[in-house]
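Hi there,

Here is the structure I promised to pass on to you. Have a look at it first, and my notes follow underneath.

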Amino acid sequence: MEYLRRGNKALIKDLNRALVLYQLRREGPLSRMEIAKQTKLSPSTLSKITEELKEKAMIKEIGEGHSNGGRKPVYLEFNYNFGYVIGMKIEVKRLIIALTNLKAEAIDRIELPFNYGASADEVIDLIIEGVTKITEKNKFNDRRWLGVGIGVSGLVNKKRGELIYSSLLGWSRVPFREILQKKFSVPIYIDNDVNVYTLAELEYGYGRDLNNFILVISGVGIGAGFVFNKQIYRGEFGGAGEVGHMVIYPNGNNCCCGRRGCLEAHAGEKFIIEETKRLLSYEKDSPLYEDRFSLTIERVLAAAQQGDYCARNAFSTAGRNLGIGLVNLINTVNPAAIILSGENLRGKDYMLPGINEVIDENFFSRYCKAFDLKISELGDDAWERGAATLVINEQFQAPIHRKERTVLTST
Ligand SMILES: [Zn+2]
């Protein structure tokens, strides 16, 4: 259990400071009067806080705004270059490390390949090598290095900073925080990769304007991130979002989880390839027919783009099956929107008709428009941005718990 700090002057000061920075980070630039209005702080308290934050270089004054007579207000802006963070994604054969500002915008980025099946120890050595290289190259003042955020596939105990299990990587019990914190002496945060993408969507994508949404990523596997009241829901031990293993066809296709009829086995990458193959046995004239034993998702996608009937139909069926899964999610949590992303969405033009065929069959649709369906517009760097945001959000949250060390703690 986390214990709250005792209520004293230092706590109140830290809270008010966090409040001002929160407004400036989210809504800035703002004039002092606008901050006072939004935070309800008295002018003298606000003035003390802004002076102190200016001295620490966490905020800065920028130009003068317009005025309807009287003195022109000076605008204050959060200094997104006050510190830097590392955001990282661990893939099955590649490590992507980005050094970002406090808006999670990359200043530098490196990719380090490793062999499929590499051990956790080998990849941790590579992480140490990569992080050392990128921080030294950019020669930042170490005091301003606020931490490392990591996104990785699998079950993650975010509180302990530990990967519990990853079937994709074949790793179990990897205490990332313990190992890397010893090495770098900065806070280390880790979360499941889908949650990290969801965080990026919440901060920089469509999710900015939503309280409740579900992000569904469809690629080799299918996973989801849930946002309820602007917070990511992780479940009891970090396992929320395994929607790929929701059964949509009892006794259906075999799934990698050992069960049958899972959404993933009827809408994931492998399904799209297998369904194309199945259809090709009736369409021997298709240019894909010759390649039927060595099909890749890229080949199927290219064929769909050239108008191939089998490829387009395979995407469409995957879309319809995904739609069945989405209907179950809509009925269960009543989200404002479902946001789709992932490699398979490169075939969205052929998947969406299938999805739309079934998605209005949800419980709410006869009474009202239940939800928005969106395709994520974040780029491929969303993973690293989300991982960097893990650090930024932790460092700028109100430090109300004991033992919490953030850039905002005064005692
Ligand atoms: Zn399954």
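Let me begin in the middle of the chain, where strand 7 and strand 11 (residues 188-192) run parallel and are paired over 5 bridges. Please keep in mind as you read that this is a predicted model.

One residue pair to click on there is Gly 149, whose bridge partner in strand 11 is Tyr 189. Strand 7 also pairs with strand 4 (residues 84-90), again in the parallel sense, and here there are 6 bridges. In that pairing, Lys 89 has Gly 151 of strand 7 as its bridge partner. Is strand 7 mostly covered or mostly exposed? Mostly covered: of the 8 residues in strand 7 (residues 145-152), 8 are buried.

Stepping back to the whole chain, the division is into domain 1 (9-78), domain 2 (84-199 + 382-395) and domain 3 (207-375). Note that domain 2 is written as two stretches, 84-199 and 382-395.

How do domain 2 and domain 3 meet? Their centres, taken over C-alpha atoms, are 28 Å apart. The contact involves 10 residues of domain 2 and 13 residues of domain 3. On the domain 2 side, strand 8 (155-157) and helix 6 (193-204) each provide at least two of the touching residues. Helix 6 makes the biggest contribution to that side, with 5 residues. Sorted by class, the side of domain 2 that touches domain 3 comprises 5 nonpolar, 4 polar and 1 charged residues.

Now for the helices at the start of the chain. Helix 1 (residues 9-27) and helix 2 have axes that come within 10 Å and cross at roughly 115°, and the crossing is right-handed. Leu 19, Val 20 and Gln 23 make this contact from helix 1, while Ile 35, Gln 38 and Thr 39 make it from helix 2. These residues divide into 3 nonpolar, 3 polar and no charged.

Helix 2 (residues 32-39) also packs against helix 3 (residues 43-55), at an angle of about 115° and with the axes 10 Å apart. This crossing is right-handed too. Here Arg 32, Ile 35 and Ala 36 of helix 2 meet Pro 43, Leu 46 and Thr 50 of helix 3. The classes in this contact are 4 nonpolar, 1 polar and 1 charged. Ile 35 is worth a click, as Ile 35 takes part in the contact with helix 1 and in the contact with helix 3.

There is also an open sheet of 3 strands, in the order 1-3-2, with antiparallel pairing. Strand 1 (30-31) and strand 2 (59-64) are at the edges with a single partner strand each, so one side of each has no neighbour in the sheet. Strand 1 and strand 3 (residues 74-78) are antiparallel and joined by 2 bridges. Ser 31 has Tyr 75 of strand 3 as its bridge partner.

Finally, a single residue to look at: Leu 373, in strand 16 (residues 372-375). Leu 373 counts as partly exposed because 15 other C-beta atoms lie within 10 Å. Neighbours within four places in sequence aside, Leu 373 is in contact with Ile 338 and Ile 359. The C-alpha atoms of Leu 373 and Ala 336 are separated by 9.0 Å, although these residues are 37 residues apart along the chain.

Best wishes

How values were computed: Residues are numbered from 1 along each chain as its sequence is written. This is a predicted model: local features need pLDDT of at least 70, side-chain atom pairs count only at pLDDT 80 or more; totals for chains, interfaces and linings use all residues. Domain bounds come from an automatic or database domain assignment. Two residues are in contact if their C-beta atoms, placed from the backbone, lie within 7 Å. Helices (H or I, at least four residues) and strands (E, at least two) are DSSP runs, numbered from the N terminus. Ala, Val, Leu, Ile, Met, Phe, Trp, Tyr, Cys and Pro count as nonpolar, Asp, Glu, Lys and Arg as charged, and the others, Gly among them, as polar. Axes are lines fitted to C-alpha atoms, for helices over the stretch in contact, and angles run from 0 to 180 degrees between N-to-C directions. A crossing is left-handed if the near helix is turned anticlockwise from the far one by less than a right angle, and right-handed if clockwise. Two strands pair if DSSP finds at least two bridges between them. A residue is buried if 20 or more other C-beta atoms lie within 10 Å of its own, exposed if 12 or fewer, and partly exposed in between; C-beta atoms are placed from the backbone.
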